[in-house]
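User: Got a minute to walk through this structure with me? I'd like to get a feel for the fold before I go back to the bench.
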Amino acid sequence: MSRTQLLDTTDAAVAGIEDGSTVLVGGFGLAGMPFALIDALIRQGARDLTVVANNAGNGDVGLAALLKAGRVRKVVCSFPRQVDSYVFDELYLSGRLELEVVPQGNLAERMRAAGAGIGAFYCPTAVGTPLAEGRESRTIDGREYLLEYPIKGDYALIAAHRSDGLGNLVYNKTARNFGPVMATAATTTIVQVDEVVDTGVLDPEAVVTPSIYVDRVVQVAAQRYTVQGAR
């Protein structure tokens, strides 16, 4: 029997997220961003969060809205700044938000390592840059590598296209991005989907995230956001 809960509302899906939690947030910019779950998290009120994501928000929606609400203490991401990152820019430059920059490949691999039970690994990315300062390094076959540790989440908020009744997930093209690795790296994985179908409808060969990694699923109406640019 699956342990996945199929819930009726996004508010129920994010219930119990504690202050100070580390939350993995899926999305590549706006693609695959779990907007409805983030909106529910803002209503829920958890504070002092550490958010792990690809970037630090776009415009005033999604992750940027969570930052603007003052709920985030620290962001761990690869691309904190872009043309529409004015919410992050203001918070960071005023000292109200901490930042840890992690190269994108390392970010994905560190979460994958958490899901796979890998204690640490060596990677050449960031060697010779300011990101290497104070880090343990090792020379392997004549090349320098930096020690990297897994990134684990207390919660993951991700978006998928479909779930079946057991919580098996399929994604919609590039909206897949970080969802699969985040699902494996979190203690509790919460998923918004466009559609819940009967168990047995999904082709097993198309399932990307098996239900064993999924704790809560909620169906939401499709949302589309556009950002007009920096203010």
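User: Let me jump right in: why are Phe 88 and Tyr 92 separated by about one helical turn?
Analyst: Because they are 4 residues apart in helix H4, which covers residues 86-93. Keep in mind that this is a predicted model.

User: What kind of aromatic pair do Phe 88 and Tyr 92 form?
Analyst: The structure holds 1 aromatic pair. It consists of Phe 88 and Tyr 92, and it is stacked, with 5.4 Å centre to centre and 10° between the planes.

User: And those two rings, buried or exposed, say for Phe 88?
Analyst: Phe 88 is buried, at 2% relative accessibility. Tyr 92 has 38% relative accessibility, so it counts as partly exposed.

User: Which residues of H4 are buried?
Analyst: Tyr 86, Val 87, Phe 88, Asp 89 and Leu 91. The buried residues of H4 pack against H3 and against strand S5, residues 98-101. Just after H4 comes Gly 95, with a positive phi of about 80°.

User: What about the stretch leading into H4? Where is Ser 85 found?
Analyst: Ser 85 sits in the loop between strand S4 (72-77) and H4.

User: Why does Ser 85 count as buried?
Analyst: Because its relative accessibility is 1%, and anything under 20% is called buried.

User: What lies 2.9 Å from a polar atom of the Ser 85 side chain?
Analyst: The backbone oxygen of Gln 82 does. Ser 85 is also in contact with Gly 57 and Pro 80, if you leave aside neighbours within four places in sequence.

User: OK, zooming out. How many helices and strands does the protein chain have?
Analyst: The chain has 6 helices and 12 strands. Its C-alpha trace spans about 55 × 45 × 30 Å along the principal axes.

User: What radius of gyration does the protein chain have, next to a compact globule?
Analyst: The chain has 18 Å, and a compact globule with 231 residues would be near 17 Å, so the two agree.

User: How much of the chain do buried residues make up?
Analyst: They make up 48% of the 231 residues. As for contacts between residues at least 6 apart in sequence, 75% join residues at least 24 apart.

User: Let's talk cores. How many residues has the largest nonpolar core?
Analyst: It has 37 residues, and Ile 17, Leu 66 and Leu 67 have the most contacts inside it. Elements giving two or more residues to this core include helix H1 (10-14), strand S2 (22-25), H2, S3 and helix H3 (63-68).

User: Which element gives the most to this core?
Analyst: H2 does, with 7 residues.

User: Tell me more about H2. How many of its residues are buried?
Analyst: H2 runs over residues 35-44 and is mostly covered, with 7 of its 10 residues buried. Those are Phe 35, Ala 36, Leu 37, Ile 38, Ala 40, Leu 41 and Ile 42. Gly 45, just after H2, takes a positive phi of about 100°.

User: Back to Leu 66: what does it touch?
Analyst: Not counting residues up to four places away in sequence, Leu 66 touches Ile 38, Leu 41, Ile 42, Leu 49, Val 51, Arg 71 and Val 72. There's also a second, separate core of 22 residues, which includes Leu 24, Leu 169, Ala 183 and Val 214.

User: Switching to S3: is Thr 50 buried or exposed?
Analyst: Thr 50 is buried, with a relative accessible area of 9%. It lies in strand S3, residues 49-52. Leaving out residues up to four places away in sequence, Thr 50 touches Ser 21, Thr 22, Val 23, Arg 73, Lys 74 and Val 76.

User: Last topic, the strands further along. In which sense do S7 and S8 pair?
Analyst: Strand S7 (residues 137-140) and S8 pair in the antiparallel sense over 4 bridges. They form a hairpin with 2 residues between them, and Asp 141 in the turn has a positive phi of about 55°. Ser 137 stands opposite Leu 146 in S8.

User: Over how many bridges do S6 and S8 pair?
Analyst: Strand S6 (residues 121-123) pairs with S8 (residues 143-148) over 3 bridges, in the antiparallel sense. Here the bridge partner of Cys 123 is Leu 146 in S8, and Leu 146 is also the residue opposite Ser 137.

Methods
Residues numbered from 1 in each chain as written. Predicted model: local features only at pLDDT ≥ 70, side-chain atom pairs only at ≥ 80, totals over all residues. Heavy atoms only, no water. Buried < 20%, exposed > 50% of the residue type's maximum accessible area, 1.4 Å probe, protein only. Contact = heavy atoms within 4.5 Å. Pairing = 2+ DSSP bridges. Phe/Tyr/Trp six-rings, centres within 6.5 Å; stacked < 30°, edge-to-face > 60°. Polar contact = N/O pair within 3.5 Å; in protein donor to acceptor, adjacent residues only side chain to side chain. Core = buried A, V, L, I, M, F, W, Y, C linked by side-chain atoms within 4.5 Å. Rg over C-alpha atoms; globule rule 2.2 N^0.38 Å.
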